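Student: Could you take me through one part of this protein in detail? I would like to look at its cysteines first, and then at what lies around them.

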Amino acid sequence: MASTASEIIAFLVSISGWVLVSSTLPTDYWKVSTIDGTVITTATFWANLWKTCVTDSTGVSNCKDFPSMLALDGYIQACRGLMIAAVSLGFFGAIFALFGMKCTKVGGSDKAKAKIACLAGIVFILSGLCSMTGCSLYANKITKEFFDPYFVEQKYELGAALFIGWAGASLCIIGGVIFCFSISENNKTPRMGYTYNGPTSVMSSRTKYHGGEGDFKTTNSSKQFDKNAYV
């Protein structure tokens, strides 16, 4: 019962993390920068893995998609690959988890379901590591440019998408670890013990029968001897 509850908790945590990781791909604010005027913010610059935009004080946004994938910076290509890999691994991890959980009717025996649940945990951990690596790589590039005194171009700060990605990656890793520990709980589940007395042979039953008959005869003879003793 405890392992079933832990698997349900692990599934909910992992799915929540996977949803958060998936939501970071279309999110706009991976990095953001503002130009402040005397009264209001005059412009907001922001970018994600697919485009870079600027929003003026009236709320109008002008965006420019990255022209070519081959002309992109290496860290953006790496982040794209890592985030797509994280989403794909989380999808397959969810499928494995549905087959490996005890509360479902598919997946085979309990031993096979425990192995599938452990595999789902490993896949979720890999998904979380991919997302964590992608977000950290992007954040490292932003912070390096921000604190570089010789960098004269527009400096950006960390956007909301990075924090969402880190939170989702942490949930995926936590859920995957719980899935992996659930297999050890299944191995520790006590089993009912039965005592095996061995098969009863025909000879032993016959011996018992003849032994009982011999005792019966001995008892009758002793009774007859007692009766003759008084004659």
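Student: Is cysteine 63 buried, partly exposed or exposed?

Tutor: Happy to take a close look with you, and please keep in mind that this is a predicted model. Cysteine 63 has a relative accessibility of 42%, so it counts as partly exposed; the cut-offs are under 20% for buried and over 50% for exposed.

Cysteine 63 has a bonding partner, cysteine 53, and their sulfurs are 2.0 Å apart. This is well worth finding on your screen, as the structure holds one disulfide. The two ends come from distant parts of the chain: cysteine 53 sits in strand S3 (residues 51-56) and cysteine 63 in strand S4 (residues 61-65), ten residues apart. If you look along the S-S bond, the torsion is about 115 degrees, so this disulfide is right-handed. The partner has another setting: cysteine 53 has a relative accessible area of 4% and is therefore buried. The bridge thus runs from a buried cysteine 53 to a partly exposed cysteine 63.

Now to cysteines without a bridge. For cysteine 118, the closest cysteine sulfur belongs to cysteine 180, at 4.3 Å; a disulfide needs the sulfurs within 2.5 Å, so this separation is too far for a bond. Cysteine 118 itself is buried, because its relative accessibility is 18%. Cysteine 135 is in no disulfide either, and the nearest cysteine sulfur, in cysteine 79, is 7.6 Å away. With a relative accessibility of 0%, cysteine 135 counts as buried too.

From here, let us turn to the helices. Helix H2 spans residues 74-100 and helix H3 spans residues 110-146; they pack with their axes 8 Å apart, at an angle of about 160 degrees. Angles over 145 degrees count as roughly antiparallel, which is why H2 and H3 are described that way. The crossing of H2 past H3 is left-handed. In the contact of H2 with H3, 25 of the residues are nonpolar, seven are polar and two are charged.

The aromatic side chains round off the picture. Across the whole structure, a search finds eight aromatic pairs. One of them joins tyrosine 29 and tryptophan 46: the ring centres are 5.2 Å apart and the planes meet at 50 degrees, so the pair is tilted. These two residues are 17 apart along the chain, with tyrosine 29 in the loop between helix H1 (2-24) and strand S1 (31-36), and tryptophan 46 in strand S2 (residues 41-47). Tyrosine 29 is partly exposed, at 36% relative accessibility, whereas tryptophan 46 is buried, with a relative accessible area of 4%.

Another pair brings us back to helix H3. Tryptophan 30 and tyrosine 138 meet edge-to-face, at 5.1 Å centre to centre with 70 degrees between the planes. Tyrosine 138 belongs to helix H3, while tryptophan 30 is in the loop between H1 and S1, and 108 residues separate them. Both rings belong to buried residues: tryptophan 30 has a relative accessible area of 0%, and tyrosine 138 is at 1% relative accessibility. Finally, look for Trp18, Phe91 and Phe92, which ring pairs link into a cluster.

Methods. Residues numbered from 1 in each chain as written. Predicted model: local features only at pLDDT ≥ 70, side-chain atom pairs only at ≥ 80, totals over all residues. Heavy atoms only, no water. Axes fitted to C-alpha atoms, helices over the stretch in contact; angles between N-to-C directions. Helix = DSSP H or I, 4+ residues; strand = E, 2+ residues; numbered from the N terminus. Parallel < 35°, antiparallel > 145°, perpendicular 65-115°, else oblique. Left-handed = near helix turned anticlockwise from the far one by under 90°. Nonpolar A, V, L, I, M, F, W, Y, C, P; charged D, E, K, R; others polar. Buried < 20%, exposed > 50% of the residue type's maximum accessible area, 1.4 Å probe, protein only. Phe/Tyr/Trp six-rings, centres within 6.5 Å; stacked < 30°, edge-to-face > 60°.
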